Amino acid sequence: MKKQMKITLLGTGTSQGVPVIACDCKVCKSSNSKDNRLRSSVMIEIDNQTFVIDTGPDFRQQMLRENVQNIDAVLFTHHHKDHVAGMDDVRAFNHKWKKDIDVFCNAITEEALHKEFPYVFSDMQYPGIPKVNVTLFKNKKFNINNIDILPIKAQHYLLPVFGFRIHNFVYLSDVSEVSEKEKEKMKGADLIILDALRRTPHISHLSLDQAITLLEDLSPKRALLTHISHLMGLHDKVNNELPSYVQLGFDRQQIFPNT
Ligand SMILES: [Zn+2]
Ligand SMILES: [Zn+2]
Ligand SMILES: [Zn+2]
């Protein structure tokens, strides 16, 4: 049976978000809502399941903005603050649905979560703290409630990070290098959401040109770029320069990739 999938871009901004605090550049001052970017995250709705990839500092606002009533799982790409800082706010779903939230991450991220949120993992369970069930994954297919998740291992400068493939949808943010072997997992996708920080090179992120070069190799039907800095330029202007199948993503954008 064909499964309809809905992707919502919860945030498409780099770690500082856009606008950047105290910046008066033309992107930060833009009146186009597509130039406002919360920290990067995506929501996947498939087969009556709702998954969120990363819970950055804007997680609460993102859940409110999309009127999300329930989530079934959180998948973490890596432990950087702009991807995990909002995990405390899964409390709302714990409280509403009287359930723990399933969290999927690798061992490095788990260790960081224990440091970041010691009270969540402490033996002394203070009332009202977030309740999560952490499941570790390696670079091997796993499933969440019968939905297959294929991790894609990549390098974010020195840090190994994960992207995910779910059916024909691929999400990979915070990446500077992908091996040939892992690229194979990304091929034939209907939609790829990929890191592209800015135009100039960066040590731990793909630049716009590097992202497009990688996408040419992967040839998805459609691609959206995420984790965007204010230095990228104005949304509409940059999009006019891009090949037709690739665009900058924007917050609240929704796509229905073929599964
Ligand atoms: Zn990041
Ligand atoms: Zn700015
Ligand atoms: Zn990062």
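Two strands count as paired here if DSSP finds at least two bridges between them. With that in hand, we can start on the sheet. One caution before that: this is a predicted model.

The sheet is open and has seven strands, in the order E6-E5-E4-E3-E2-E1-E14, and the pairing is mixed. At its edges stand strand E6, residues 132-136, and strand E14, residues 254-255. Each of these has a single partner strand, so one side of each has no neighbour in the sheet. Helix H4, residues 107-116, packs on this sheet and touches strand E5 (101-105) and E6. The direction of H4 makes about 125° with that of E5.

Further along the order, strand E3, residues 49-53, runs parallel to E4, and three bridges join the two. If you want a residue pair to look for, take Val52, whose bridge partner in E4 is Val74.

Now the metals. I will begin with the zinc ion that is ligand 2. Which residues hold it? The protein donors are Cys23, Cys25 and Cys28, each through SG, and His230 through ND1. They lie 2.1 to 2.3 Å from the ion. The angles among the four donor atoms run from 106 to 115°, and the site is tetrahedral. Along the chain, the donors follow the spacing C-x1-C-x2-C-x201-H. Of these donors, Cys25 has a relative accessibility of 23%, so Cys25 counts as partly exposed.

Next is the zinc ion that is ligand 1. Its coordination comes from Asp82 (OD), His83 (NE2), Asp174 (OD) and His227 (NE2), at 2.1 to 2.3 Å. Is this arrangement regular or irregular? The four donor atoms subtend angles of 91 to 166°, which makes it irregular. The sequence spacing of the donor residues is D-H-x90-D-x52-H. As for accessibility, Asp82 is at 8% and therefore counts as buried. His83 is buried too, with a relative accessible area of 0%.

That leaves the zinc ion that is ligand 3. The residues coordinating it are His78 (NE2), His80 (ND1), His156 (NE2) and Asp174 (OD), at 2.2 to 2.3 Å. Here the angles among the four donor atoms are 89 to 174°, and this site is irregular. Its donor residues are spaced H-x1-H-x75-H-x17-D in sequence. Two of them, His80 and His156, are 76 residues apart and link distant parts of the chain. His80 is in the loop between strand E4 (73-75) and helix H2 (81-84), while His156 is in strand E8, residues 147-156. His80 has 30% relative accessibility and so counts as partly exposed. His156, at 4%, counts as buried.

You will have heard Asp174 in both of those lists. What does Asp174 bridge? It bridges the zinc ion (ligand 3) and the zinc ion (ligand 1), which lie 3.4 Å apart.

One last residue, away from the topic of metals. Where is Gln62, and is it buried or exposed? Gln62 is in helix H1, residues 59-65. Its relative accessible area is 1%, so Gln62 is buried. Leaving aside neighbours within four places in sequence, Gln62 is in contact with Leu10, Gly11, Leu38, Arg39 and Ser41.

To recap the metals: the site of ligand 2 is tetrahedral, the site of ligand 1 is irregular, and so is that of ligand 3. Asp174 bridges the zinc ions that are ligand 1 and ligand 3. That is the end of my part.

Methods
Residues numbered from 1 in each chain as written. Chains lettered and ligands numbered in written order. Predicted model: local features only at pLDDT ≥ 70, side-chain atom pairs only at ≥ 80, totals over all residues. Heavy atoms only, no water. Donors = N, O, S within 2.8 Å, 3.2 Å for Na, K, Ca; no water. Tetrahedral: all angles 85-135°; square planar, octahedral: opposite > 155°, others 65-115°. Helix = DSSP H or I, 4+ residues; strand = E, 2+ residues; numbered from the N terminus. Buried < 20%, exposed > 50% of the residue type's maximum accessible area, 1.4 Å probe, protein only. Contact = heavy atoms within 4.5 Å. Axes fitted to C-alpha atoms, helices over the stretch in contact; angles between N-to-C directions.
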